[in-house]
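Dear colleague,

I am passing on the structure below, and after it I set out what was found in it. Please read the notes alongside the coordinates.

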2 protein chains.
Amino acid sequence: MTQDKILLDHGSGGKMSHRLISEIMLPLFDNPTLSRMDDSAVLDIRGKRFAFSTDSFVVDPLFFPGGNIGDLAVNGTINDLVVSGASPLVLSVGLIIEEGFPIDQLKTILQSMQTAASSAGVQIVTGDTKVVHKGAADKLFINTSGIGWVPEHIDVGAHRVKPGDVIILSGSIAEHGMTILSQREGLAFDTPIQSDTAALHHIVKRMTMVSRHIHAMRDLTRGGLGTALNEIAEKSGTGMTIHEEKIPVKPEVMAICELLGFDPLYVANEGKLIAFVAPNDVDAVISAMKRDKLGKDACVIGEVIADHPGQVLMNTRIGGSRIVDMLTGEQIPRIC
Amino acid sequence: MTQDKILLDHGSGGKMSHRLISEIMLPLFDNPTLSRMDDSAVLDIRGKRFAFSTDSFVVDPLFFPGGNIGDLAVNGTINDLVVSGASPLVLSVGLIIEEGFPIDQLKTILQSMQTAASSAGVQIVTGDTKVVHKGAADKLFINTSGIGWVPEHIDVGAHRVKPGDVIILSGSIAEHGMTILSQREGLAFDTPIQSDTAALHHIVKRMTMVSRHIHAMRDLTRGGLGTALNEIAEKSGTGMTIHEEKIPVKPEVMAICELLGFDPLYVANEGKLIAFVAPNDVDAVISAMKRDKLGKDACVIGEVIADHPGQVLMNTRIGGSRIVDMLTGEQIPRIC
């Protein structure tokens, strides 16, 4: 690390986050499960396979169109589990609350957590609450950790991605990030946008029921689609080609991105995933996704190639080709 | 709740914390595992029994005699697992870092986490890092969640405590809390004190190897010995009698407690436990504990009675008897 202090960029989910993890954390906590750096750790415990994942949520503001920090925290950890092929079972909740936080807001947030958890068939089974002095934390931070069970026949992960795989995206991108940013900046638009926060357990179940050749999945959070593709390209040692005109972005979201100078490829989502699927299974997987309310706009956006290992190339709308790098810098802090 | 805002007291681990949990959280997240309110949730997953626990650490200062927030966070969650009868297996780590935090301090803390985890035979397998703006969090908060495996023959929990059980304490109390407070207040003493932060996996293994009649265990953290006894009394519907002169407190710790007006019964510990044991097994359990470096001062401090259900009575050093209530109010904020 060339810096001696933590910067906001270190929490971006992009390049600086990756350097922090790969240069400091992985060498220290040296073990093969962590080093795989998937969304969840998949563990063999007493002859059963489990996924284990953790996520802390510091989103600002706490309430936003489409959700609040509570359902975001539940959906986020559920999604990390399901894209690892796991059926989510239980969650823990760790609250850090600033002194003076209104109890009615806390109740609303906890109620959203319970609603999100129970609609995904998940129980919140253990928790912890800390309170810090006014000024020592900004309102409320939530950690959720979760355990899921991984069925025997399921093996998904970046290590299985190979040239020829087709890249499927579940729906339109950049909604969560632009919603949070609009709220924070106090912007109002004719066509209001809202966060896509949602639990992906149901759509993933539909997908894994029709195909045993889904090689990897990833939910698109901090760093957006661009960063997620780069992570998988890097880990699998493959190249990727995506096609700009195939990537769905709602017009109102695109308009805000353009107005504020954001590239939707790097804007956070909280209810979208990409899947890497063997060509023969693509039609079945897309049909299955389209039957789910979270997959109505599912589509092929590109393919995995043998050339350009570790790189993501994009055929642009205007007919050119450019390299899509990982997010550099913190595009929008405290997005989740 | 009569208050409409969260107070520091709600994070005390004492009465206000219990009201927050029992009046708001339990009715919302209604399920039998959470409602048991043990240190860990013990779950039946696919025919195996697992313990799952979470804890967020907001201790101030981050570094203190005897440890730092890193080993505290690892030992804390390990201890929550082991007092539920589990062998700890894996941990997750969620970091919330304030912008500008020195990377060398972060490295030191992470190194302590790794050292603590590996000396307990536990792997850190998944993690998450968030960075917030300067002023939005005080330096560094750490969440650890953990999974342990519960052997078939082990069943410990407040529900098993019954009249006649003997209460064993593993060693002298109040060291962690008074160390943190001394540091925070900049107090120096002739005989320096240090936190007792330690992982209890080894001493608990010794105990469970010699007895199948350890009915419950509890590590003594926020709220101290007094609160832990009250929690077990309340949940088991039994009464308890303890004997003040049998409770070990190091003279230098007692001196600081007296100087600053703290009752050691309510001061936090981070490497001590109580166990409720059937009378016939007490000698064997104490002998096993004394063979462990964390149990050299293990001793009987009282017994469970049928009278006074839900109450803890203490025979005082001066020959009287008084009720020991749960901690009321926040004795020392941000102790862990």
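To begin with the layout of one chain, chain A is divided into domain 1, residues 36-149, and domain 2, residues 158-324, and the C-alpha centres of these two domains of chain A lie 23 Å apart. The contact between them takes 22 residues from domain 1 of chain A and 23 residues from domain 2 of chain A. On the domain 1 side, the largest share, eight residues, comes from helix α3 (residues 69-82) of chain A, and by class that side has 11 nonpolar, six polar and five charged residues.

Please keep in mind that this is a predicted model. Chain A averages a pLDDT of 94, with 99% of the residues scoring at least 70, and the predictor gives the complex an ipTM of 0.96 and a pTM of 0.96.

As for the contact between the chains, 68 residues from chain A and 68 residues from chain B take part in it. Several elements of chain A give two or more residues to the side that touches chain B, among them α1 (15-28), α4 (103-119) and β7 (140-149), while the largest share of that side, 10 residues, comes from β6(A). The residues on this side of chain A divide into 34 nonpolar, 22 polar and 12 charged.

The largest nonpolar core has 222 residues, and those with the most contacts inside it are I168, I274 and A275 of chain A together with I168, I274 and A275 of chain B. Leaving aside its neighbours within four places in sequence, I168(B) is in contact with residues including I274(B), A275(B), V282(B), I286(B) and V300(B).

Two helices of chain B were looked at individually. Helix α3 (residues 69-82) of chain B has 14 residues, which at 1.5 Å a residue should span 20 Å, and its end C-alpha atoms are indeed 20 Å apart; α3(B) is mostly covered, with 14 of its 14 residues buried. Helix α7 (residues 224-236) of chain B has 13 residues and should, by the reckoning of 1.5 Å a residue, span 18 Å, which agrees with the 19 Å between its end C-alpha atoms. This helix, α7(B), is also mostly covered, 11 of its 13 residues being buried, and its buried residues pack against β9 (214-219), β10 (239-243), β11 (273-277), β13 (312-315) and β14 (321-324) of chain B. Among those buried residues are L225(B), L229(B), E231(B) and I232(B), and the helix is followed by G237(B), whose phi is positive, near 65°.

With best regards

Key. Residues are numbered from 1 along each chain as its sequence is written. Chains are lettered from A and ligands numbered from 1 in the order in which they are written. This is a predicted model: local features need pLDDT of at least 70, side-chain atom pairs count only at pLDDT 80 or more; totals for chains, interfaces and linings use all residues. A nonpolar core is a set of buried Ala, Val, Leu, Ile, Met, Phe, Trp, Tyr and Cys residues joined through C-beta atoms within 7 Å. A residue is buried if 20 or more other C-beta atoms lie within 10 Å of its own, exposed if 12 or fewer, and partly exposed in between; C-beta atoms are placed from the backbone. Two residues are in contact if their C-beta atoms, placed from the backbone, lie within 7 Å. Helices (H or I, at least four residues) and strands (E, at least two) are DSSP runs, numbered from the N terminus. Ala, Val, Leu, Ile, Met, Phe, Trp, Tyr, Cys and Pro count as nonpolar, Asp, Glu, Lys and Arg as charged, and the others, Gly among them, as polar. The expected span of a helix is 1.5 Å times one less than its number of residues. Domain bounds come from an automatic or database domain assignment. pLDDT is the predictor's confidence in each residue, from 0 to 100.
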